[in-house]
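Here are some exercises to work through with the model open beside you. Try each task before reading its solution.

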Amino acid sequence: MTRGDRPLRIAVVGSGPSGFYAAEALLAGDIPAQVDMFDVLPAPFGLVRYGVAPDHPKIKNIISRYEKTAALPGFAFFGNVEVGRDISIAELRRFYDAVLFASGAQTDRRLGIPGEDLPGSYTATEFVAWYNGHPAYRDHKFDLSHECAIVVGQGNVAMDVARILCKTVDELKHTDIAAHALDALAESRVREVRMVGRRGPVQAAFTPPELKELGELSDCDIVVDPAELELNDASRAELEVLKWRDSIKNYELLTQFVSRPPAGKARRLLIQFYRSPRELVGGDHLDGVVMERNALSGEAGAQKARGTGATELVPCGVVFRSVGYRGVPIDGIPFDEKAGVFPNVAGRVMNDGAVVPGLYVAGWIKRGPSGIIGTNKPDSFETVKHLIADAPELPSCEEPSRAALQALLKSRNVHVVTYDDWKRIDAAEVARGGASGKPREKFVRVKEMLDSLEER
Ligand code: NAP
């Protein structure tokens, strides 16, 4: 079947940054296109809504760009629709000439050590989703009744987790943090947070603005052991020869923290290096972490942490594992287990070394969980460039009709949330937040979102 004069029909699965940048590029492209964007939740924006820390509101301003895309002719939002459950990939392909997955990385990499799943040991992803009001995490419980918490990993997600644990209620109460999380954090007995990295200060993955922010916490001292800022030759070369910009700034900031005497604040955040957890110990609850001291080996730019054999038991009641996100498979799409992505070459999905016509990927499910929101722009644009180049050869779908798809979903009792519906949910959240001086009070259950649409 040929496509004739009708627009190219593309399903974008996922409404986070990579999905919106892809939609933008498709709708601004040289060929007429219709983009239907699917999300399992009634609310769009993925990690901008459910990942970005509540105390980083400026980062969320990017939403205004996505709103412009959503207003373009040719765009439709299919919220509250789970691809793989409400509609299969094979069915989706009946209605679209191409399917572009921008479904992100929804789970965590594992440490692979004994005790990892003891009660009291959590993933950063679930904690972040919980304090950001993600409906799937609304009923998660985090035991914050212990004095010491360990955050494993030193990326910006670990930073977010450590900072939220160390902030006071006053520092959080005017953000869009979920009310249930604010209540739980108000009761938190955590007084000492240790953010632990397996390599050294020069190799830490966090970025300078996030590190600097720690120094501005109202009731938390930052503690860095000066001995851990002593560098080996390769680390010094990373600063002085390779001139790693973020590391140079990080190192300056860490040095400033060392020179600042503790002010006796209520909480302490220890930034610790050269340590790997080897075992989480406890009976029916976590009691502590066996930490091994590491040394670095390898050339500048490629140093790895190696265990020294020296271990210590660090008593602690709560651990957050923050060692990177990981993509999850969707039935009907090849999956690279090792990398946790859909195998692809520059956005074209591959199966056994051959391109799968009509299937594309963008964002974290394409390249893995790295980079900031803006990194997804060139990434999605690259995928769309290839999709548009392939368009003349793509076989036309059988039923190029939005109405036919809507009818199918209706016959399955799927309550599709349109973009106009979302705007009403959005307005209701903003109104709810006003009373308590918050930018919004998110609905934290899907049912609440759908019920709000019934209210006139
Ligand atoms: P990340 O930046 O890749 O950091 C992962 C951390 O986990 C690194 O410190 C890594 O250490 C460590 N790690 C990995 N495997 C480990 C293991 N087996 N044992 C101990 N440590 C281990 O990942 P992320 O923090 O999840 O962030 C994902 C992306 O989102 C990043 O690009 C980040 O910058 C971005 N992000 C940005 C912001 C922001 O702009 N404010 C906020 C949140 C996230 P090694 O370096 O030794 O591997």
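**Exercise 1: Helix H11**

Arg 245 and Ser 259 are exposed on one side of H11; work out which residues of H11 are buried.

Before the solution, a word on the ground rules. You are looking at a predicted model, where local features need pLDDT of at least 70, side-chain atom pairs count only at pLDDT 80 or more, and totals for chains, interfaces and linings use all residues. Residues are numbered from 1 along each chain as its sequence is written, and side-chain values use heavy atoms, with hydrogens and water left out.

*Solution.*

Step 1: find the helix. Helices (H or I, at least four residues) and strands (E, at least two) are DSSP runs, numbered from the N terminus. Helix H11 covers residues 245-259, which is 15 residues, and its first and last C-alpha are 22 Å apart, close to the 21 Å expected at 1.5 Å a residue. That expected span is 1.5 Å times one less than the number of residues.

Step 2: apply the burial cut-offs. Buried means under 20% relative accessible area, exposed over 50%, and partly exposed in between, with a 1.4 Å probe and protein chains only. The buried residues of H11 are Ser 247, Asn 250, Leu 253, Leu 254 and Phe 257.

Step 3: look down the axis. These residues share one side of H11 because they cover an arc of only 125 degrees around the axis; the arc is that of the directions from the helix axis to the C-beta atoms.

Step 4: list the packing partners. The buried residues of H11 pack against helix H9 (208-214), E9, helix H10 (233-240) and strand E10 (267-272).

**Exercise 2: The parallel sheet**

Give the strand order of the open sheet of six strands, then follow Val 151 to its bridge partner in E8.

*Solution.*

Step 1: write the order. It is E6-E14-E7-E8-E10-E9, with parallel pairing. Two strands count as paired if DSSP finds at least two bridges between them.

Step 2: mark the edges. Strand E6 (121-123) and strand E9 (220-223) each pair on one side only. On average, neighbouring strands of this sheet are turned by 20 degrees against each other, direction ignored.

Step 3: follow the bridges. Strand E7 (residues 148-152) runs parallel to strand E8 (residues 192-196), with five bridges between them, and Val 151 has Met 195 as its partner in E8. From there, Met 195 is bridged to Ile 271 in E10, where E8 and E10 run parallel and share five bridges. At the far end of the order, E9 and E10 run parallel with four bridges, and Cys 220 stands opposite Arg 267.

Step 4: check the burial of E10. Five of its six residues are buried, so E10 is largely enclosed by the rest of the structure.

**Exercise 3: The largest nonpolar core**

Which residues touch the most other members of the largest nonpolar core?

*Solution.*

Step 1: set the rule. A nonpolar core is a set of buried Ala, Val, Leu, Ile, Met, Phe, Trp, Tyr and Cys residues joined through side-chain atoms within 4.5 Å.

Step 2: rank the members. Among the 51 residues of this core, Leu 165 and Phe 320 touch the most others. Helix H6 (residues 156-166) is the top contributor, giving seven residues.

Step 3: inspect Phe 320. Contact means heavy atoms within 4.5 Å. Not counting residues up to four places away in sequence, Phe 320 touches nine residues listed here: Tyr 122, Phe 127, Phe 142, Leu 144, Ile 150, Val 151, Val 152, Val 161 and Leu 165. Another core, of 42 residues, lies apart from this one and includes Ala 23, Tyr 66, Phe 75 and Ala 102.

**Exercise 4: Phe 38 in the mixed sheet**

Is Phe 38 buried or exposed?

*Solution.*

Step 1: place the residue. Phe 38 lies in strand E2, part of an open sheet of seven strands with the order E3-E2-E1-E4-E18-E17-E16 and mixed pairing. Strand E3 (75-79) and strand E16 (344-345) are at the edges with a single partner strand each, so one side of each has no neighbour in the sheet.

Step 2: read the accessibility. Phe 38 has a relative accessible area of 1%, so it is buried.

Step 3: list contacts. Beyond four places in sequence, Phe 38 touches residues including Val 12, Phe 78, Leu 92, Tyr 96 and Leu 405.

Notes
Axes are lines fitted to C-alpha atoms, for helices over the stretch in contact, and angles run from 0 to 180 degrees between N-to-C directions.
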